[in-house]
Each structure stands twice: as structure tokens, then as C-alpha cells.
Amino acid sequence: MSNSEFQKVIVRPLDEYNQRLVSYVHPPYWVNPRPVDCYDLVVIGAGTAGLVVAAGAAGLGLGLKVALIEKHLMGGDCLNVGCVPSKCVIRSARVVGEMWNARDFGVNITQHIDVDFPAVMERMRKLRAGISHHDSAERFQKLGVDVFLGNASFASNDTVLVGDKTLNFKKAVIATGARAARLSIPGIEEADYLTNETVFSLTQRPQRLAVIGGGPIGCELAQAFRRLGCEAVLFHRGSHILNKEDADAAEIVQNVFIQEGIRLVLNCQMQRVEKTIEGKKLYFSCNGREDSVTVDEILAGAGRVPNVEGLNLETVGVEYDQQRGVMGNDYLQTTNPRIYAAGDICMNWKFTHAADAAARIVIKNTLFSPFGLGRYKLSNLVMPWVTYTDPEIAHVGMYEQEAQEKGIDVNTIKIPFSSVDRAIADGEEDGFVKILHKKGSDQILGATIVARHAGEMISEVTTAIVHKIGLSKMSSVIHPYPTQAEAIKKAADAYRRTLLTPKTKRFLGLLIKFS
């Protein structure tokens, strides 16, 4: 890309923190390198998947030539408009949640809770900028990666164009990610609305906020902004929020939302939006009844679509779908055997850690499988995930309905936190640990945890599933007392007790009696 073609990227507000962010992840005066004759690997997209592939391949010490192309901000959604900023804002919101409940712990807040919304958002921008050097163009250049900033498109089966540069490659990886889906509600484009890509640019609190979509993104941000002082209304077309999660888990979060003053509009069909003097007016129907509400801002949290445009995929025979993204096999290989894909562009799991795990598969399959060193499958991954509401919902493996659909007989062990001493002390009795195991076996098939820090707890169960550690062995693991993670041991102990059938008990009784 020549200097005249270079597109300056601006992240608003244009304060010192966002300027520092941009200086790392899209330096204003970056000069693209001169391409080498042929790259072993060209990676398109510098989100999580692309960064991991590029750094992993370059860091093997094999002298591989690796190129990384990014048209916008390195770090992708996770750093810039996803995980990092959202969790910073959620952390501030959790402080408010604690203060709301302080009286239950014998602590009286004598003054009105004053949320300084601009300061909350400034803290987020400061922390994001502080983390961003890990994903910087300069850092990857020092790792031995040729970093190109600009739009990439395939020109032939072995070349990619970036501005006026031509990159020849042996293998390529598409990791261009996904973006927030545009809403097809009449009038909403004219009224304008926020997505996860723009909401973190707010500097002033919207007094009234409508959130469209009761999935993870919508729920996380609706609760956070409600705690930060917004009047929040959450629209969802399902009969309850988080309808893809365990129903018992979703019900707990839904009840918390109601208690915290979030207005839930369920079984909802959006009709149209109008921009009025009073604000943005949303018309909708709910259970057959027409209604409307006026807000200051609308936040869309209803789905993602893949970034497939502009890549010229037809030229290289890579099949794709506008909704599902790039088509690939279980080895993350596209319909062009020289081109692979990883991350949100091709996967149903749209999580940072899923993109990371897929990127590691791509490294192995692009570089080592031609030498007979094995091929690694996406389907072999055991994928946990977390919805970062308060309480959190963490899940790994199968749900009960999924097991039933596969014809697997299962038993479920549920330990309510009302029976866990630490949860009682913490005032967090509403959650639970639910473990699904194969009937007649201690094999763990799945688990759901609802707790304030469920995301910190689920990895123990994930480890057990990955390494085929059954409930019997888990019951022998000593957990510190008192901790909420002790609920996992209680579940394992509950399984062990099922082994003591009446016949076994009689036998053991006789054995002890005559010993």
C-alpha cells in the first residue's frame, strides 16, 4: 500500500487513550514491508485467530515466512469492541450491584450512589489501551511477521493483493471474523442505533436504553447499563431470555433482571422505529398486543454475520455463505485445499478462546499434516463458554436435551448453592452446579454452573471431560473449605452415594459386623 492509499483509522472519542490504542493496533504512519518472494503462510485478519496463527507459525523457530494482513484494528473484536471493553464496563457495573445489596451485609450506604458514567468509560479506554500493545503491529513485526495494513483480496490461487503489494503464498488462512448483524426493522437505520462496535465510544450515559436481543451480548450489556444508571428495556422474541442456555440457569438470571428493574418485553415482534422530538420510538407487538416505548439510544445485540465481502473468494474457489461464513471441513480446510479458515468467519463458536483453539489446529494442519504428523479436528475440541451476566452462566459439553436427541441415557446431579457454606456466606445461594453424566457410568457429558464467578469454576469440569476423569475420581479431589467450587465435589460425592445400592449396603454391613 502506498502512503497515498493509507487510510487513517480513528477511534472515538479521540482522547489520549484511544490515540494510544490506535498507535499500537493501526499505527498512522505504518509502512508496509516489501513482500518476500513467497510466504509459507499468509493470514488475512488480525483478530484472535489470525494473531495466534501468525505468532504461532513465526515462533516455531523454523524460519517460516509469515505475513499478516489487517484492514482495521489489530486485536479484532476481542480487544477493541468485545471482550476487553465489555468486561471493563461490567466490572464497574458489578460494583454498583454490590452497593445495591450492601444493606443485606450490614453495610449502610448513607448517600445516593453516584455513577460517574464518563469516568467508567474512560477507565475502560485506559485499560484497553494498556492491554493493546500485546496485539500491536510493532510487536508482531519483532516476532518475525510481515505486517500489512490494508484491504486484502485473493488475486489467484497463490496470490493475495494488499494495496499495490502482491503477496505470493503456499498456504493462506482466512480469519476476518464477524460483525454485528444489521437490523431489518423499518425506520431503524434512519433513527440510528448502537452495536457492540459503537457502544463503547459513548461518553455520556443514555437515560433510556432499548436493547434488542436477549442473547449473551444483549443480556450482558442490558444489565451493565441498567446498573450504571440507564432505564433499560430488553426486547426478545423468545419466551425467556438466554433461551439457548439451560432453562433453570436462564430463569435465575431473568429473575435477577426483573429485580434490578430491567423491563423485559418477551415474545416480542418489532414493528418499526421512528425518530421523534422526544427520542427514538419503538413500535412492537407482544403476545398479540401493540405497544410502543421511547428511548434515547437503541443497542442491537441480535446476532453476528461473517466478514466475507471483498475477499474475492470466488476467484480461488472458496465456498461461503453470507450468513454462515466460509465453508470448511473438520480440519478447518476450505473448499480450496491451500486455504484454511479459523474463528468467527467459519465457526458456530464465536468466542475468543474458540478462535484461539481453532488457530492452533490450523497451525498444525497447514504446516505439519503434509509430513504425516497427524491431522487435528475441530470436532474434538471440548468448548466451555460463559455468559457474563451477574450471576454468570458457564457451560461445557452437552445439555440434557442434546443428549436425549442423541439417544444417550443420562442422569443429572444438581447441587444448589443454598447447600454450599461459602455461597451462603457470600449471599449467593441462588445458583447451582449441574453435572450431566452417562447413565450407569461416571463419565461426565456436560455441566452448567450459575454463580457470580462461574467462569472461574467451569474449567475444573472441562479438564475432567478432556482427560476422561470421571465423577468417582473427582470425588477424591480435596477442595479448600469454604469455597463455592466445593459444589463440584459435592456433585461428585452425590454420584458416589448412588453406588451404595441396598444390596451393597447390606453386604458392607455384614462385612463390618463380622470383621
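Me: Before we look at this predicted model, which angles count as oblique?
Reply: Happy to start there. Angles under 35 degrees count as roughly parallel, over 145 as roughly antiparallel and 65 to 115 as roughly perpendicular. The rest are called oblique.

Me: How are α4 and α5 oriented to each other?
Reply: Helix α4 spans residues 83-100 and helix α5 spans residues 117-131; their axes come within 9 Å and cross at roughly 140°. That angle falls outside the parallel, antiparallel and perpendicular ranges. The two helices, α4 and α5, are therefore oblique to each other.

Me: Which residues make the contact, and how many of them are nonpolar?
Reply: On the α4 side you will find V84, P85, C88, V89, R91 and S92. From α5 come V120, M121, R123, M124, L127, R128 and I131. Of the residues in this contact, 3 are charged, 1 is polar and the nonpolar ones number 9.

Me: Now for the open sheet of 4 strands: which strands stand at the edges?
Reply: The strand order is β10-β9-β8-β14, with parallel pairing. An edge strand here has a single partner, so one side of it is left without a neighbour in the sheet. The edge strands are β10 (263-265) and β14 (297-300).

Me: What is the bridge partner of F235 in β10?
Reply: Look at strand β9, residues 231-235, which pairs with β10 in the parallel sense over 3 bridges. F235 has its bridge partner in β10, and that partner is V265.

Me: Which strands does helix α8 touch?
Reply: Helix α8 (residues 216-227) packs on the sheet, and its direction makes about 165° with that of β9. The strands it touches are β8 (208-212), β9 and β14.

Definitions and conventions. Residues are numbered from 1 along each chain as its sequence is written. This is a predicted model: local features need pLDDT of at least 70, side-chain atom pairs count only at pLDDT 80 or more; totals for chains, interfaces and linings use all residues. Side-chain values use heavy atoms; hydrogens and water are left out. Axes are lines fitted to C-alpha atoms, for helices over the stretch in contact, and angles run from 0 to 180 degrees between N-to-C directions. Contact means heavy atoms within 4.5 Å. Ala, Val, Leu, Ile, Met, Phe, Trp, Tyr, Cys and Pro count as nonpolar, Asp, Glu, Lys and Arg as charged, and the others, Gly among them, as polar. Two strands pair if DSSP finds at least two bridges between them.
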